[in-house]
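Subject: Handing over a structure, with notes

Dear colleague,

I am passing a structure on to you, and I would be glad if you read the notes beneath it with the model open beside them.

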Amino acid sequence: RGRRGAVSAEVFSPEELHSLEMTMSHKPDLKRRQIAAVLYTNFLFRHMDDEQMNQIIDALFLVEFAKGEFIFQQGELGGTTFFVLDNGACEAFNRRGASQKFLPGDIFGGLALMYDCPRPASVRAITDRVLLWVLDRPTYHCILRTTEDDKRA
């Protein structure tokens with residue numbers, strides 16, 4: 001059995017976080033409520049107040065994949081993105097043969113928001129059109145840091 005690779009939390013300086021340019025994506029109210037309901041079920045988001053959650057939802061951007069395309073592959077380095085499945089279906093699988101199917105409302109890639117580590121599994125689109133809401137690690141940390149700094153000020 002192979003040894004696991006090292007896992008480390010990435011540290012962003014205040015200058016890096018404040019210089020980050022976040023792209024905001026408008027979403028209708030119903031879609032915002034659907035996304036919030038999904039995110040609040042995850043430990044990375046359930047502690048957030050309304051302001052933080054609204055900023056996270058604004059920062060999510062939509063990406064489309066075709067059937068058979070990989071969202072990411074096991075062992076891939078530099079993964080910084082987290083996904084909320086909006087439409088279609090995906091399958092996660094690893095070299096040991098374990099697999100899991102993701103349907104609309106499912107989330108995956110949460111480790112990438114916290115740690116710089118190889119992807120533990122591959123995920124690929126298994127329906128003709130897959131739509132994923134995407135959030136990257138720098139944006140996640142920027143929102144957490146700046147809203148916490150604002151609360152202290």
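The notes below go through strands, a pocket and helices in turn.

This is a predicted model, in which local features need pLDDT of at least 70 and side-chain atom pairs count only at pLDDT 80 or more, while totals for chains, interfaces and linings use all residues. Residues are numbered from 1 along each chain as its sequence is written, and side-chain values use heavy atoms, with hydrogens and water left out.

**Strands**

An open sheet of 4 strands runs in the order β3-β9-β5-β6 with antiparallel pairing, where strands are DSSP runs of E of at least two residues, helices are runs of H or I of at least four, both are numbered from the N terminus, and two strands pair if DSSP finds at least two bridges between them. At the edges stand β3 (70-72) and β6 (99-102), each with a single partner strand, so one side of each has no neighbour in the sheet. Between β3 and β9 (residues 122-125) there are 2 bridges in the antiparallel sense, and F72 stands opposite V123 in β9.

Strand β4 (residues 81-87) has 5 of its 7 residues buried (under 20% relative accessible area, with a 1.4 Å probe and protein chains only), so β4 is largely enclosed by the rest of the structure. Its antiparallel pairing with β10 (residues 129-136) extends over 6 bridges, with F82 opposite L135, whereas 2 bridges join β4 to the antiparallel strand β7 (residues 107-108), where V84 faces I107.

**The second largest pocket**

F72 also appears in the lining of the second largest pocket, which is made of 21 residues, with F72, F108, G109, P120 and A121 lying nearest the centre. (On a 1 Å grid over the protein atoms alone, a pocket is an open set of points where a 1.4 Å probe fits, with protein on both sides within 12 Å along at least five of seven lines, and lining residues have an atom within 4 Å of a point.) The strand β6 gives the most to this lining, with 3 residues.

**Helices**

In helix α3 (residues 50-59), the buried residues are Q52, M53, I56, I57 and A59. Seen down the axis of α3, these fall within an arc of 165 degrees (taken from the directions from the helix axis to the C-beta atoms), so they line one face of the helix.

T139, which is found in helix α5 (residues 137-152), counts as buried because its relative accessibility is 7%.

With best wishes

Key. Buried < 20%, exposed > 50% of the residue type's maximum accessible area, 1.4 Å probe, protein only.
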